[in-house]
Amino acid sequence: MKKLFSLLLTLTMLFAVAAPSLADDASYESTIDWDAEYDVIVAGFGAAGGVSAITAADTGASVLLLEKAPEGQAGGNSRYAAQIILTPTDREEAITYFKAMRGGYENQSDEVIELIVDGAMDIPNWLVSMGADPEKLFHYPLVEYPDLPGTSGISTTEIDGEFWTSRFWGLVYSNVISRENIDVWYSAPAMHLIQDPATKIIHGVQVEQNGQVLNVRAKSGVVLAVGGFENNEDMIENFTQMPECYSKGARYNTGDGVKMAIEVGADLWHMSTLSGPDINFVNPETGVAPGYMLATTSVGLNMFTGFARGSLVVVGGDGTRFINELTAPSHGHVNNHGTWVSQQIPNNSWAIYDSTNTTKMYLSFSDGNLEELEKGWIIQADTLDELAEKMNIDATTLKATIEQYNTYCAQGYDPDFGIEGDDPQYLVPVAQAPFYAIQVKPTFTNTQGGARRNAQCEVLSTTG
């Protein structure tokens with residue numbers, strides 16, 4: 001269990017700030033008007049925060065679990081995840097794989113990688129200890145980067161053999177709620193860490209609840225598991241080199257933990273590291289994407305509708321194609337001549353299709369996308385000239401792009417993106433009026449930067 005606790009602290013936007021002995025700074029604590037007191041405070045009720053609270057509670061600690069979202073909406077990104085849990089089967093091979101995934105970067109140590117692998121290998125046992133049926137654990141050898149060394153040691157585990165059903169989050173949630181020594185406060189965002197300015201020890205958390213600001217003492221430490229900055233526009237612009245990028249799930253992840261860590265002197269790392277971006281339509285009513293990604297041929301795991309199997313061209317603001325519409329990036333990453341990088345998505349990008357493609361774009365869309373057309377989310381035109389005008393894109397360039405693509409469809413081969421073999425069955429021309437266009441934007445599963453920490457999951461200062 002300790003291995004799993006350490007693993008989740010390392011894998012997520014999670015910052016553990018442990019409090020040493022309090023004997024030397026009792027005078028500072030006495031200056032604080034405490035409203036409540038616990039052994040451990042965990043901020044953020046996603047999978048990482050939930051497992052942290054469970055682990056502390058099972059040692060006998062009294063735990064306060066703070067959650068910014070209202071009751072019924074907790075879970076962060078874990079609530080929306082596929083529940084595909086990394087569980088390596090061969091330690092040395094998995095370590096080799098993880099080291100290769102660094103891709104030349106050196107600021108993730110071998111020690112941390114070994115911690116991740118050891119913890120991940122123990123996850124199936126932990127799932128069973130939390131109540132998962134060992135006979136229904138499904139082990140699936142899903143490898144996202146098959147060209148890297150060490151893939152033979154990589155596997156995943158799914159509870160009850162189900163994908164996209166929140167089984168893992170549900171298991172964590174039920175175990176938190178069942179423990180009497182864990183108190184959960186909803187609609188209670190952590191605002192600031194309470195730090196002794198002299199010793200730098202973290203003694204508690206300032207919390208907003210019901211319009212009041214409360215000081216809550218943590219006798220043994222604070223764990224920040226509040227997620228990334230997927231819904232913070234300023235941080236997106238500052239750290240991702242994109243003017244805009246949108247969340248696929250966690251509405252309440254606004255970078256609070258990063259700011260709190262900065263306030264107490266934490267160093268930062270991996271701030272530009274993203275799980276993304278992928279191309280998606282963004283619902284203007286919610287500000288989030290209605291699905292995992294728009295363009296892929298896959299309909300497995302209940303992820304996609306197969307919309308890309310019909311006529312589809314994706315263009316940037318200059319009216320030209322910039323991606324293979326049929327290929328799903330690896331969590332937003334593409335192979336750039338041997339180096340994996342985050343996919344670049346131009347501003348003012350559009351997905352264009354014709355009247356022959358009647359498949360709904362997303363599972364939540366209406367049949368034939370008719371309701372979305374009525375809402376104005378989808379543009380319709382009788383000609384490509386008219387469509388280009390409505391998209392504010394040069395008509396001559398757009399028509400040339402579509403004409404070239406249709407030529408590729410006729411010959412069954414796309415030399416621009418190497419679509420061949422079995423793929424030509426999906427090369428469907430965009431030729432039958434009326435024509436449609438929907439604006440698409442970069443979206444991500446999560447951001448992954450935050451406070452720098454060591455293999456003990458302790459947050460480090462800028463001086464180490």
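**Exercise 1. Two prolines in loops**

In which loop is Pro434 found, and between which helix and which strand? Then describe the peptide bond that leads into Pro434, and treat Pro277 in the same way.

*Solution.* A word of care comes beforehand: the structure is a predicted model.

Step 1. Pro434 is found in the loop between helix H12, residues 395-411, and strand S20, residues 435-444.

Step 2. The peptide bond from Ala433 to Pro434 is cis, with an omega near 0°.

Step 3. Pro277 is found in the loop between strand S13 (274-275) and strand S14 (278-280), and the peptide bond that joins Gly276 to Pro277 is cis, with omega near 5°.

Step 4. As background, most peptide bonds are trans.

**Exercise 2. Positive phi at Gln83 and Lys200**

Find the loops that hold Gln83 and Lys200, and decide for each residue whether it is buried or exposed.

*Solution.* Step 1. Gln83 lies in the loop between S3 and S4, and its phi is positive, about 65°, although Gln83 is not a glycine.

Step 2. The relative accessibility of Gln83 is 4%; a residue counts as buried when this value is under 20%, and therefore Gln83 is buried.

Step 3. Lys200 is found in the loop between strand S8 (190-195) and S9, with a positive phi of about 70° although this residue is not a glycine either.

Step 4. Lys200 has a relative accessible area of 51%; the cut-off for exposed is over 50%, so Lys200 is exposed.

Step 5. For the general setting, most residues other than glycine have a negative phi.

**Exercise 3. Helix H7 and its partner H3**

Work out how the axes of H3 and H7 cross, which residues meet there, and where on H7 the buried residues fall.

*Solution.* Step 1. The axes of helix H3 (residues 47-57) and helix H7 (residues 167-177) come within 9 Å and cross at roughly 35°, and the crossing is left-handed.

Step 2. From H3, the residues Ala47, Gly50, Val51 and Ile54 take part, and they meet Phe168, Trp169, Val172, Asn175 and Val176 in H7. Sorted by kind, the residues of this contact comprise 7 nonpolar and 2 polar, with no charged residue.

Step 3. In H7, the buried residues are Phe168, Trp169, Leu171, Val172, Asn175 and Val176. Viewed down the axis of H7, these buried residues fall within an arc of 160°, so they line one face of the helix.

Step 4. A general rule helps in reading such a pattern: an α-helix has 3.6 residues a turn, so residues three or four places apart point the same way.

Step 5. The buried residues of H7 pack against H3, and also against strand S3 (63-66), strand S4 (85-86), helix H6 (123-129) and strand S7 (182-185).

**Exercise 4. Helix H4 from start to end**

Identify the side chain that reaches the backbone at the start of H4, the buried residues of H4, and the residue with positive phi that follows H4.

*Solution.* Step 1. At the start of H4, a side-chain oxygen of Asp90 comes to within 3.2 Å of the backbone nitrogen of Glu92.

Step 2. Helix H4 spans residues 91-101, and its buried residues are Ala94, Ile95, Tyr97 and Phe98. Seen down the axis of H4, they fall within an arc of 160°, so they line one face of the helix.

Step 3. The buried residues of H4 pack against S4 and helix H5 (110-121).

Step 4. After H4 comes Gly103, whose phi is positive, near 60°.

**Exercise 5. Three single residues**

Locate Gln209, Asp234 and Thr462, and decide for each whether it is buried or exposed.

*Solution.* Step 1. Gln209 lies in strand S9, residues 202-209, and with a relative accessibility of 16% it counts as buried. Apart from residues up to four places away in sequence, Gln209 touches Trp185, Ser187, Ala188 and Leu214.

Step 2. Asp234 belongs to helix H8, residues 233-239, and at 53% relative accessibility Asp234 counts as exposed. Asp234 and Thr254 are 20 residues apart in sequence, and their C-alpha atoms are 9.9 Å apart in space.

Step 3. Thr462 is placed in the segment after strand S22 (450-451), and its relative accessible area of 58% makes Thr462 exposed. Leaving aside neighbours within four places in sequence, Thr462 is in contact with Gly265, Ala266 and Asp267. The C-alpha atoms of Thr462 and Asn181 are separated by 35 Å, and these two residues are 281 residues apart along the chain.

How values were computed: Residues numbered from 1 in each chain as written. Predicted model: local features only at pLDDT ≥ 70, side-chain atom pairs only at ≥ 80, totals over all residues. Heavy atoms only, no water. Axes fitted to C-alpha atoms, helices over the stretch in contact; angles between N-to-C directions. Helix = DSSP H or I, 4+ residues; strand = E, 2+ residues; numbered from the N terminus. Left-handed = near helix turned anticlockwise from the far one by under 90°. Contact = heavy atoms within 4.5 Å. Nonpolar A, V, L, I, M, F, W, Y, C, P; charged D, E, K, R; others polar. Buried < 20%, exposed > 50% of the residue type's maximum accessible area, 1.4 Å probe, protein only. Arc of directions from axis to C-beta. Polar contact = N/O pair within 3.5 Å; in protein donor to acceptor, adjacent residues only side chain to side chain.
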